[in-house]
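Me: I'm new to reading protein structures. Could you walk me through one, feature by feature?

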Amino acid sequence: MRYTQYFLPTLKETPADAEVVSHQLMARAGMIRKVAAGIYDYLPLGLRVIRKVENIVRQEMDRAGAIEILMPAVCPADLWEQSGRWQQYGKELLRLKDRKDTEFCVGPTHEEVVTEIVRGTVNSYRQLPLNMYQIQTKFRDEMRPRFGLMRGREFIMKDAYSFDIDDASADISYEKMYQAYRRIFKRCGLKFRAVEADSGAIGGSFSHEFMVLAETGEDAIVSCDSCEYAANVEKAELRAASGEAPVPTLPLERVKTPNLRSIEDVAAFLKETPAKMIKTLVLQNENEEVFAVLMRGDHTLNEIKLCNYLGCNHVQLADEEIIKKLTGAPRGFTGPIGLACRVLADQAVAVMSDFGLGANEADYHLTGANYGRDFEVEAFVDLRQAGAGDSCPRCEGKLEAWRGIEVGHVFKLGTKYSDAMNATVLDDEGKDRTLIMGCYGIGIGRTAAASIEQNHDDNGIVWPMPLAPFQVIVTMLNPGDEAVFAAGEKLYLDLLAEGIEVLLDDRDERPGSKFKDADLLGIPLRVNVGARGLKEHSFELQDRRGGERVMLPIEGAAATIVEQVRTALAAG
RNA sequence: CGGGGAGUGGCGCAGCCUGGUAGCGCGCCAGUUUUGGGAACUGGAUGUCGCAGGUUCGAAUCCUGUCUCCCCGACCA
């Protein structure tokens, strides 16, 4: 591609609305442009990267035996009513009506549509297993789109759906996708972790998220420093502390703690550590049922674990009014003694003794409190959020904490959709069997953005070879010089003939501008063609990542460059 | 959805309080000189000041409404 004939609007300045580096650089490098909140144009350079990711995904899906299809973006409400999701899915589902007032939605995911395909055409176990995927533009009307392609409303996603006759077969389908995903993200040159994820309201199934490690990630994950265990903190289990609670040694005492509401303040006042305190959280679920949860003072509640235990969808901290009504005291002085509601405790509380807690009375706390002697709880449960330094639940190792960008999710669905939509096949005994399903998503644009989060420096993007929009940029330092122009042109054509993706910077610009643009675009290899080098019958080859420059004799230069591109691709 | 902020040329912003010919930097066009890390000079083009009402002799500026965008939070198979 010749720069002068291309459409590549780079920006010197960072657009004001871009917060994270991937969004800033994508905008500056002329890859994307915002059209509305969470909705973007993919300009030529951006589209090339998107296609690179798509092609890697497509190759690995095909290799894993999945079959590509394309389903409609606009889906009839009727199908969604069959699965029950027309009611369940909230405002995130973009709904619309056609001229006849028939209701539709713009698909955020396609379980219903794909299940309908299979239901109508697959009748026998002999036709299974089956895995179909598509790469398609999806729409989710996010409350708060942000971070460019990382969390858009319209986005490109690969979604695959597997259908199996039984659990054992479905587990094999799942494992194939899991391995395909590992290959995909490895080939994209990303540092990632596959982590166990919460399976949400569906229950009884399992799920892994593929997380690209990045400071700006929206998810917190933990991984073991000595075994393979890794999980989203939403999911990460914690082992119960071993041992018995020490015998109480102190009497229960009432202590005046004027206006001290936080655990830190009270602990400091009592000359204790927060770990010797218990905090009592009052929470409310979606049915307005009120619960109290006891946590060790320095621990954090994991609301998802609580929801899973309670069998509800959502909990939130109760407001001041509810707390007052329940405890008779303002927020900050709540304790479990005498509380008229269900009281749960994290398992860590079971091995504590002689601790401090709220007195359910304004400006008072209690010290020397002990479970069993002073109060009871309904159950001890694992309710705590895991973090760095916690013990691995699977081995003797310690957990490390990371931030991650969720680029892929594999999910064993079970029969949620096949049941609701009556998708069955006949087994080898001629009996109806409900299909076991799995679904597997990859955010294509998000993967490209995540790659930039991991691969950039102060000057711009540093693409790994497999995702680079062009593999080589040939920069003619002075295209007005006939010798330079001819040499650059020849190198460009030679590289093209070898199948290399090359951008020829033939613009009549000053060298400095061209260098800055080349760095911004992040093309892995740059060849500087200038009068100075030509005097020595050489080009200058510069590596974007390391910045090293070497002189390349013109004779054989193309072959050397081709070799480097191929090596870099093979390494991915 | 709650809280906060912003809409002025392609991009980044000033002007608004205290109403009176719409400005700056970058970019863009033409020319001259330049040419190995975002050149200099000269000349030039580009705005219904988000939209709709209102107040006023006069509104980017004041008032009302509305839309959009951004940030924090909540939400997220």
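Me: Let's begin with a loop residue: is His537 buried or exposed?

Reply: Exposed means over 50% relative accessible area. His537 has 58% relative accessibility, so it counts as exposed. Keep in mind that this is a predicted model. You will find His537 in the loop between helix 14 (531–535) and strand 30 (538–543).

Me: What is unusual about the backbone there?

Reply: Here is the general idea: most residues other than glycine have a negative phi. His537 is not a glycine, yet its phi is positive, at about 55 degrees. Asp101 is another non-glycine residue with a positive phi, of about 70 degrees.

Me: Where is Asp101, and how open is its position?

Reply: Look in the loop between strand 5 (94–97) and strand 6 (103–106). With 55% relative accessibility, Asp101 counts as exposed.

Me: Which residues gather with Asp101 in a patch of negative charge?

Reply: Asp78, Glu81, Glu103 and Glu116 join Asp101 in that patch on the surface. Take Glu116 as an example: it belongs to helix 5 (residues 111–121). Its relative accessible area is 34%, so Glu116 is partly exposed.

Me: And how do charges look over the whole chain?

Reply: Chain A carries 68 positive and 87 negative side chains. The centres of these two sets are 3 Å apart.

Me: Can we talk about peptide bonds next? Which two residues are joined by a cis bond?

Reply: The general idea first: most peptide bonds are trans. In this structure, Leu128 and Pro129 are joined by a cis peptide bond, with omega about -5 degrees. Pro129 sits in the loop between helix 5 and strand 7 (130–139).

Me: Now a charged residue in a helix: is Lys52 buried or exposed?

Reply: The cut-off for buried is under 20% relative accessible area. Lys52 has 14%, so it is buried. This lysine lies in helix 2 (residues 44–63). Leaving out residues up to four places away in sequence, Lys52 touches Pro466, Leu467, Ala468, Pro469, Gln471 and Glu501.

Me: What else should I look at in helix 2?

Reply: Try Glu60, which is also found in helix 2. Its relative accessible area is 1%, so Glu60 is buried. Setting aside residues up to four places away in sequence, Glu60 touches Ala180, Arg183, Ile184 and Arg187.

Me: How far apart are Glu60 and Ile184 in sequence and in space?

Reply: They are 124 residues apart in sequence, while their C-alpha atoms are 6.5 Å apart in space. You can ask about such pairs for the whole chain too. Among chain A contacts with a separation of 6 or more, 68% are between residues 24 or more positions apart.

Me: How many residues of helix 11 are buried?

Reply: In helix 11 (residues 444–454), 10 of the 11 residues are buried, so the helix is mostly covered. Among them are Ile444, Gly445, Thr447 and Ile452. Glu453 and Gln454 are on the buried list as well.

Me: Finally, what does the whole chain look like?

Reply: Chain A has 572 residues, and 53% of them are buried. It contains 15 helices and 31 strands. The C-alpha trace spans about 95 × 70 × 50 Å along its principal axes. The accessible surface of chain A comes to about 26300 Å², and carbon and sulfur atoms account for 49% of that.

Conventions:
Residues are numbered from 1 along each chain as its sequence is written. Chains are lettered from A and ligands numbered from 1 in the order in which they are written. This is a predicted model: local features need pLDDT of at least 70, side-chain atom pairs count only at pLDDT 80 or more; totals for chains, interfaces and linings use all residues. Side-chain values use heavy atoms; hydrogens and water are left out. Patches are made of residues with over 30% relative accessible area and no salt bridge: like charges are joined within 9 Å, nonpolar side chains (Val, Leu, Ile, Met, Phe, Trp, Tyr) within 5 Å. Accessible areas come from the Shrake-Rupley method with a 1.4 Å probe; for residues, only the protein chains shown count as cover. A salt bridge is a side-chain nitrogen of Lys or Arg within 4 Å of a carboxyl oxygen of Asp or Glu. Lys and Arg count as positive and Asp and Glu as negative; His and the chain ends are not counted. The place of a charge is taken as NZ of Lys, CZ of Arg, CG of Asp or CD of Glu. Helices (H or I, at least four residues) and strands (E, at least two) are DSSP runs, numbered from the N terminus. Buried means under 20% relative accessible area, exposed over 50%, partly exposed in between (1.4 Å probe, protein chains only). Contact means heavy atoms within 4.5 Å.
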